[in-house]
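Work through the following exercises with the sequence and the coordinates at hand. Each task is followed by a solution that goes step by step.

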Amino acid sequence: MPNKPKVSVCIATYNGEKYISEQLNSILNQLSAEDEIIISDDSSTDGTCEILKKFASSDKRIQLFLDQKFKDPIQNFQNALYKVSGEFIFLSDQDDVWMENKVTSVMQKLESFDLVIHDSIVTDEKLNQMHPSFFQYFGSKQGIFKNVLRSSYYGSCMAFRKSLLDNALPFPKTKEIGHDLWIGLVAELTGKVLFLKVPYLLYRRHSETFTMRGLGGKKRPIYKMALGRLIMFYEILKFLVKYKFGITEKQL
C-alpha cells in the first residue's frame with residue numbers, strides 16, 4: 001500500500017495569543033504523525049510565542065520560526081511556505097477553527113485538482129454563526145478578472161499541490177496582491193481549481209482581525225483601488241511571460 005502523501009500546514013502568526021491554542025488543537029486532531037505544521041511568527045509582542053513553544057515541546061509535528069521582523073503578513077506567510085516539505089499544503093490563519101473532516105475531504109479533491117478552496121461559516125469572536133456560507137455572502141467564484149476586482153481566494157480555506165507553490169514563489173514584491181490571491185491566480189493560470197461548496201471552517205471575525213475584506217472593513221479611495229488593479233494585471237502579465245517562455249526575473 002503506497003504511503004499517504006505528506007501534508008504541510010502553514011500558519012503566519014502575529015499577536016494571536018487569544019485564539020491560537022483553539023486553532024492548533026482543531027488542526028492537530030486531523031493530521032497524521034508524518035504531517036507537519038510550519039509556523040512563522042512576525043514580531044509578536046504578546047504571549048503568542050510562549051504558547052507556540054509549549055505546543056512544539058509536546059508535538060514534534062510543529063516547526064517554529066520565531067523572531068521574524070518582516071512587519072508584513074505576506075512575507076511572513078512566504079517565509080513559512082519556503083520551509084514546507086509536504087506534497088500538499090494547507091494555509092491557516094491564527095484565529096479560526098477547522099471543522100471535522102476538513103483535511104480528509106479536501107485531500108480527496110486534491111487528487112484531481114491543483115488547488116481547492118472550500119466554503120466557510122462566518123462567525124463572531126465567540127463562534128456564533130453570522131452567515132452560513134461565505135461563498136454565498138461574498139459571491140465567491142473562479143475567474144481572473146473577477147478575482148482581480150474582488151478576490152475570492154481566502155488562504156484560510158485553501159489547499160494546493162506543492163507543484164503549484166513552486167510556480168507561485170516568490171510572491172510579487174507588492175502589497176497590492178495578497179499571498180492567497182496570488183496563489184489562486186497562479187492556479188487558474190497554470191492548473192485546475194475547485195470551489196468546494198461545503199464549509200470546513202469556522203471563519204472567526206473579531207476586532208483584531210487583520211482585514212475584514214468586505215465584511216465591514218474600510219474601503220480605499222477609488223484611485224488607489226484602480227492603481228492596485230493595474231499593478232495586479234502587470235504582475236499577471238509578467239508571470240505569464242516567465243511561465244510560457246521560461247524567461248527569468250533578471251531577464252525581464
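**Exercise 1.** Determine how far apart the end C-alpha atoms of residues 8-166 lie, and what percentage of the span is helix and what percentage strand.

*Solution.* The model is a predicted one, and the span to be examined is the one that an unreviewed UniProt entry annotates as "domain: Glycosyltransferase 2-like", residues 8-166. Taking the C-alpha atoms at the two ends of this span gives a separation of 14 Å. Assigning secondary structure to residues 8-166 then gives 33% helix and 27% strand.

**Exercise 2.** Describe how strand β2 pairs with β1 and β3, naming the sense of pairing, and give the handedness of the β-α-β units that contain β2.

*Solution.* Begin with strand β1, residues 7-13, which pairs with β2 in the parallel sense over 6 bridges; in this pairing, S8 has E36 of β2 as its bridge partner. The unit made by β1, helix α1 (residues 20-28) and β2 is a right-handed β-α-β unit. Turn next to strand β3, residues 62-68, where the pairing with β2 is again parallel and runs over 5 bridges, with F65 of β3 as the bridge partner of S40. Here helix α2, residues 48-58, joins β2 and β3 in a β-α-β unit that is right-handed.

**Exercise 3.** Decide whether strand β2 is enclosed or open, and sort its residues by the direction in which they point.

*Solution.* Applying the cut-off for burial, under 20% relative accessible area, 7 of the 7 residues in β2 (residues 36-42) count as buried, so the strand is largely enclosed by the rest of the structure. Sorting by direction, E36, I38, S40 and D42 point one way, while I37, I39 and D41 point the other way, and all of them are buried.

**Exercise 4.** Compare the expected span of helix α8 with the distance between its end C-alpha atoms, and assess its burial.

*Solution.* At 1.5 Å a residue, the 12 residues of α8 (residues 179-190) should span 16 Å, and the end C-alpha atoms are 16 Å apart, which agrees. As 10 of the 12 residues are buried, the helix is largely enclosed by the rest of the structure; the buried residues include W182, I183 and L185.

**Exercise 5.** Identify which residues touch the most other members of the largest nonpolar core, and list contacts of F160.

*Solution.* Of the 69 residues in this core, V9, I37, L81, F90, L115, F160 and I183 touch the most other members. The largest share of the core, 7 residues, comes from strand β9, residues 193-204. Leaving aside neighbours within four places in sequence, F160 is in contact with residues including L81, L115 and I183.

Key: Residues numbered from 1 in each chain as written. Predicted model: local features only at pLDDT ≥ 70, side-chain atom pairs only at ≥ 80, totals over all residues. Heavy atoms only, no water. UniProt positions renumbered as here; feature names shortened; annotations may be inferred. Helix = DSSP H or I, 4+ residues; strand = E, 2+ residues; numbered from the N terminus. Buried < 20%, exposed > 50% of the residue type's maximum accessible area, 1.4 Å probe, protein only. Pairing = 2+ DSSP bridges. Right-handed = clockwise from strand over helix to strand, strands pointing away. Expected span 1.5 Å × (residues − 1). Core = buried A, V, L, I, M, F, W, Y, C linked by side-chain atoms within 4.5 Å. Contact = heavy atoms within 4.5 Å.
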